[in-house]
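Welcome to a short set of exercises on reading a protein model. Keep the structure open beside you and try each task before reading its solution.

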Amino acid sequence: MDDFQQQINVWSDWQGLQTNALAFEPVLQKIYASENEPYKTPEPVADQFAARFTIGPTEIAIFPPSDVMAETRAYYQAERFGLTRMARLKLGAPRLLHAGFVFDKYQFYYVIYRPLQGITLTEFCATAKPLAKSTLGRQIGTMLTQLNTEVATFGPESQPVGDWQVLGDDFAVEREAWLAQHPVTPNQFVHGNLTGDNLIVTSGELGLQRFSTAHQAAKQTELVPLILDAFNGDAELLAGFKATYQTSDLATDLMLGLLLRSDGPQQIQALLPEQTVTLAALRQKIATLLS
């Protein structure tokens with residue numbers, strides 16, 4: 001008899017079960033016993049993709065079955081590769097303990113790790129003084145300079161392509177021409193979702209979490225969620241970051257990131273609401289954001 005009793009036919013079924021500790025507990029017990037890890041009552045952790053649970057001093061990420069996510073193994077590999085890479089580079093991240101899969105009603109890939117102990121960047125900045133935020137910005141710049149370098153193939157083979165026609169045919173043509181004049185290195189390691197909730201401040205240091213979105217891409221794409229979401233207009237964070245992040249032109253890099261990401265059209269619409277989108281208008285907006 002299978003330990004996992006729930007039916008997962010479509011993605012919404014998985015979403016409804018992601019934080020259901022009771023549904024996953026028999027599978028969790030089986031996994032922890034097989035890895036010889038002490039088992040405690042699981043506590044759900046919110047996540048957009050995996051089912052994550054805190055169990056004692058550890059966390060486990062269980063990835064959706066291939067029935068509803070064909071590339072689930074690739075996302076599992078991305079999480080495992082990201083944690084391993086961070087450890088190799090001696091950068092702050094959860095410590096990988098175990099990774100594998102379990103056969104049950106479905107085949108579930110999983111990663112067990114010891115999470116970072118700290119608070120999110122968003123929480124930190126709510127009360128931090130300017131000097132502390134500037135120092136943290138410098139650490140982020142140093143970390144990304146070290147992290148976003150070329151790597152061998154891992155994780156999902158391809159990323160979604162944005163619908164650039166929503167910004168108009170003229171902009172789509174303008175974008176293609178501009179990108180042709182600004183070549184990038186497409187096989188660099190990027191975390192993929194550097195929001196304020198995925199940067200963790202621990203005792204004045206910095207760490208990253210949630211690597212299932214990691215993939216190969218141009219490093220410029222990493223800047224979009226970092227500057228637009230995580231920094232959220234904070235002048236001290238941005239000033240510290242600019243002091244250590246290695247680039248000759250941050251504005252051009254952010255422009256490239258926006259024009260290369262699959263969510264670029266939505267990001268640009270949010271930056272330029274209720275106006276005709278042109279590269280000139282976007283360049284001016286970016287200059288203002290970074291000034």
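**Exercise 1. A strand with two partners**

How many bridges join β3 to strand β5 (residues 107–114), and do they run parallel or antiparallel?

*Solution.* Before we start, note that this is a predicted model, in which local features need pLDDT of at least 70 and side-chain atom pairs count only at pLDDT 80 or more, while totals for chains, interfaces and linings use all residues. Residues are numbered from 1 along each chain as its sequence is written, and side-chain values use heavy atoms, with hydrogens and water left out.

Step 1. Strands (E, at least two residues) and helices (H or I, at least four) are DSSP runs, numbered from the N terminus. Two strands pair if DSSP finds at least two bridges between them.

Step 2. β3 and β5 are joined by four bridges and run antiparallel. Within this pairing, E59 faces Y113 of β5.

Step 3. Now look at strand β2 (residues 51–55), which pairs with β3 over five bridges, again in the antiparallel sense. Here I55 has T58 of β3 as its bridge partner. The two strands make a hairpin with two residues between them, and G56 in the turn has a positive phi of about 60 degrees.

**Exercise 2. Covered or open?**

Work out why strand β3 (residues 58–62) is described as largely enclosed.

*Solution.* Step 1. Buried means under 20% relative accessible area, exposed over 50%, and partly exposed in between (1.4 Å probe, protein chains only).

Step 2. In a regular strand the side chains alternate between the two faces of the sheet. On one side of β3 we find T58, I60 and I62, on the other E59 and A61, and all are buried.

Step 3. Five of the five residues of β3 are therefore buried, so the rest of the structure largely encloses this strand.

Step 4. For contrast in category, take K30 in helix α2 (residues 21–34): with 29% relative accessibility, K30 counts as partly exposed.

**Exercise 3. Checking a helix**

Compare the expected and modelled span of helix α5 (residues 130–147), then find where its buried residues lie.

*Solution.* Step 1. The expected span is 1.5 Å times one less than the number of residues. For the 18 residues of α5 this gives 26 Å, and the end C-alpha atoms are 26 Å apart, which agrees.

Step 2. The buried residues of α5 are K133, L136, G137, I140, G141, M143, L144 and L147. They cover an arc of only 165 degrees around the axis, which puts them on the same side of α5. The arc is that of the directions from the helix axis to the C-beta atoms.

Step 3. Try α11 (279–290) as well. Its buried residues are L279, L282, I286 and L290. Down the axis of α11 these fall within an arc of 65 degrees, so they line one face of the helix. The reason for such spacing is general: an α-helix has 3.6 residues a turn, so residues three or four places apart point the same way.

**Exercise 4. Edges of a sheet**

Which strands stand at the edges of the open sheet of three strands?

*Solution.* Step 1. The order is β6-β8-β9, with antiparallel pairing.

Step 2. β6 (119–120) and β9 (205–208) are at the edges; each has a single partner strand, so one side of each is left without a neighbour in the sheet.

Step 3. Strand β8 (residues 199–202) is joined to β9 by four bridges, and L199 stands opposite L208 in β9.
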